[in-house]
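Please consider the sequence and the three-dimensional structure shown below. The paragraphs after it offer a guided reading.

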Amino acid sequence: MAKLELYRKFTNSLAVSVVLSIAWIGYELYFNASDPSSEPWEIAWIIPAFWNLLSFALLIVICILWAPTRNPTRYTQ
């Protein structure tokens, strides 16, 4: 049951990241379509930075979920 709970939490975090990715792609499309001359260049750095933050957040989730424990045999069955 511990392994199932671990994978359920990981699946939920992946689902949240997919939803955030789809929402961010929509924002990128709106941002690029609403201003073809790229006048708000001051905030344009946020678009590629989001992907770095999302991958870092997934790394943090993986580190938390698969952190070493005192009882490593709880996942063996």
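The following account proceeds from the helices to their contacts and then to the surface.

The structure is a predicted model, and the values discussed here are computed from its coordinates. Helix α1 covers residues 2-34, while helix α2 covers residues 46-65. The UniProt record, an unreviewed entry, places the feature "transmembrane region" at residues 12-31 and 43-67. In the model, the span of residues 12-31 is 100% helix and 0% strand, and its end C-alpha atoms lie 28 Å apart. The annotated span of residues 43-67 is 80% helix and 0% strand, with 36 Å between its end C-alpha atoms.

The length of α2 can be checked against its residue count. At 1.5 Å a residue, its 20 residues should span 28 Å, and because the end C-alpha atoms are 28 Å apart, the expected and computed values agree. The burial pattern of α2 may be examined next. Ile-47, Ala-49, Phe-50, Leu-54 and Leu-65 are buried in this helix. Viewed down the axis of α2, these buried residues fall within an arc of 145°, and therefore they line one face of the helix. Asn-52 and Phe-56, on the other side of α2, are exposed. Pro-48 also belongs to α2; because its relative accessibility is 47%, Pro-48 counts as partly exposed.

Several pairs of residues that are separated along the chain can be used to relate its parts in space. Ser-21, which lies in helix α1, has a relative accessible area of 16%, and therefore it is buried; the cut-off for this class is under 20%. The C-alpha atom of Ser-21 is separated by 9.1 Å from that of Phe-50, although the two residues are 29 residues apart along the chain. Phe-50 is itself among the buried residues of α2. A further pair is formed by Pro-48 and Glu-28, which are 20 residues apart in sequence and 9.7 Å apart in space, C-alpha to C-alpha. Ala-2, also in helix α1, is partly exposed at 32% relative accessibility. The C-alpha atoms of Ala-2 and Arg-74 are separated by 6.7 Å, with these positions 72 residues apart in the numbering along the chain.

How many salt bridges does the count come to? The count comes to 1 salt bridge, and it joins the side chains of Arg-8 and Glu-5 at 3.2 Å, N to O. Side chains of opposite charge can pair when their charged atoms come close. The position of this pair along the helix is also informative. Because Arg-8 and Glu-5 are 3 residues apart in helix α1, about one helical turn separates them. An α-helix has 3.6 residues a turn, so residues three or four places apart point the same way. Arg-8 has a relative accessible area of 42% and is partly exposed. Glu-5 counts as partly exposed as well, at 34% relative accessibility.

The surface completes the description. Tyr-27, Tyr-30, Ile-43, Trp-45 and Ile-46 form a nonpolar patch there, with about 540 Å² of accessible area together. Of these residues, Tyr-27 is found in helix α1, and its relative accessibility of 32% places Tyr-27 in the partly exposed class. Membership of such a patch requires over 30% relative accessible area, and the 32% of Tyr-27 satisfies this requirement.

Note on methods: Residues are numbered from 1 along each chain as its sequence is written. This is a predicted model: local features need pLDDT of at least 70, side-chain atom pairs count only at pLDDT 80 or more; totals for chains, interfaces and linings use all residues. Side-chain values use heavy atoms; hydrogens and water are left out. Patches are made of residues with over 30% relative accessible area and no salt bridge: like charges are joined within 9 Å, nonpolar side chains (Val, Leu, Ile, Met, Phe, Trp, Tyr) within 5 Å. Accessible areas come from the Shrake-Rupley method with a 1.4 Å probe; for residues, only the protein chains shown count as cover. A salt bridge is a side-chain nitrogen of Lys or Arg within 4 Å of a carboxyl oxygen of Asp or Glu. Helices (H or I, at least four residues) and strands (E, at least two) are DSSP runs, numbered from the N terminus. Buried means under 20% relative accessible area, exposed over 50%, partly exposed in between (1.4 Å probe, protein chains only). UniProt positions are given in the numbering used here, feature names are shortened, and annotations may be inferred rather than shown by experiment. The expected span of a helix is 1.5 Å times one less than its number of residues. The arc is that of the directions from the helix axis to the C-beta atoms.
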